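Work through the exercises below with the sequence and the structure side by side, and try each task before reading its solution.

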Amino acid sequence: MTIEQLSSTKCFDGLQQQFEHRSGVLDCPMRFAIFLPPQAEDGKGEQAFPVLYWLSGLTCNEENFSQKAGAQRMAAELGIALVIPDTSPRGNSVADDAEYDLGQGAGFYLNATQAPWKQHYRMYDYIVHELPELVERHFPVNGRRAISGHSMGGHGALVIGLRNPGRYTSVSAFSPICNPIACPWGEKAFSAYLGADKASWEDYDATTLIGRATEKLSILVSQGEEDPFLEEQLKPHALQTAAEASGYPLKMEHHAGYDHSYFFIASFIEQHLRFHADYLLKH
């Protein structure tokens, strides 16, 4: 797999870069951003970094987190690489929808089974397999991975972490869609991408999966109490109840006064990075 560098900017003595490659899984060109800590110029070996994969939310692409979260300072200090993929396949040949919560920019990190989506919308396989293989081939990183995300991306991080024992050291999420099989965003997207068989939806629902999990990963969830989507779309209480019922070590934090925006993420991203560092940097 070849990649093309689109940009490179020095940031906290590291490099914030953007790349494009042809995705065989998604059958289209894809872009991703990566932050490499300052020591990256020394090459691999002892300077091979663990990676935190960040999954963004509805309407976002690979640039939102890079530009708004302020994560690079702490990632540089800790020695953690950040990889930020786009949120969906893109292009004129890729199916789309006029609404913001379906189609391009709204891949929901699943493998679609229904036309016209199934040709390109295989974000689950892309995030779990293709992108890490590419990153680990081309950059000074090691095989230690953690995963995090926001809103739709928080949903993706939880689902992917729960479904892939041994692949990630830790999982975290900001304002995740915790129970998509029971909220308007999820019901709309899953109906289109996965079809009418609701049993298949459960494979992408963190509230369902946490009760089935065979691995007890450390999970941190941060939720703003002034989030306008809290009750109707996000449903963190459903995830918390399911975790308690199954004895899963979920840490759910509620933050008074915070909403759904990147101001919330920027306020607590250092905490999340330190949380992941406790696991990523263990030897």
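**Exercise 1.** Which residue caps the N-terminal end of α9?

Solution. The model is a predicted one, and in it the cap is Ser261, whose side-chain oxygen lies 3.2 Å from the backbone nitrogen of Phe263. Following the helix onward, which covers residues 262–280, one meets a kink of about 50° that is centred on Phe268. Phe268 is itself one of the buried residues of α9, a list that also includes Tyr262, Phe264, His272 and Leu280.

**Exercise 2.** Find the largest nonpolar core and say which helix gives the most to it.

Solution. Begin with the core as a whole, which has 69 residues, and note that Phe32, Phe108, Ile127, Ile147, Tyr193 and Leu239 are those with the most contacts inside it. The helix that gives the most to this core is α3, residues 123–138, with eight residues. Apart from this core lies another, of 26 residues, among them Cys11, Ala33, Met74 and Ala277. Ala277 also appears among the buried residues of α9.

**Exercise 3.** Locate Arg167 and describe what it touches.

Solution. Arg167 is placed in the loop between α4 (152–163) and β7 (170–174). Leaving aside residues up to four places away in sequence, Arg167 touches Val128, His129, Pro132 and Arg145. For Val128 the detail is polar, since its backbone oxygen lies 2.5 Å from a polar atom of the Arg167 side chain. Finally, compare Arg167 with Gly14: they are 153 residues apart in sequence, and their C-alpha atoms are 26 Å apart in space.

How values were computed
Residues numbered from 1 in each chain as written. Predicted model: local features only at pLDDT ≥ 70, side-chain atom pairs only at ≥ 80, totals over all residues. Heavy atoms only, no water. Core = buried A, V, L, I, M, F, W, Y, C linked by side-chain atoms within 4.5 Å. Buried < 20%, exposed > 50% of the residue type's maximum accessible area, 1.4 Å probe, protein only. Helix = DSSP H or I, 4+ residues; strand = E, 2+ residues; numbered from the N terminus. Contact = heavy atoms within 4.5 Å. Polar contact = N/O pair within 3.5 Å; in protein donor to acceptor, adjacent residues only side chain to side chain. Bend = angle between axes of the 7 residues up to and from the residue.
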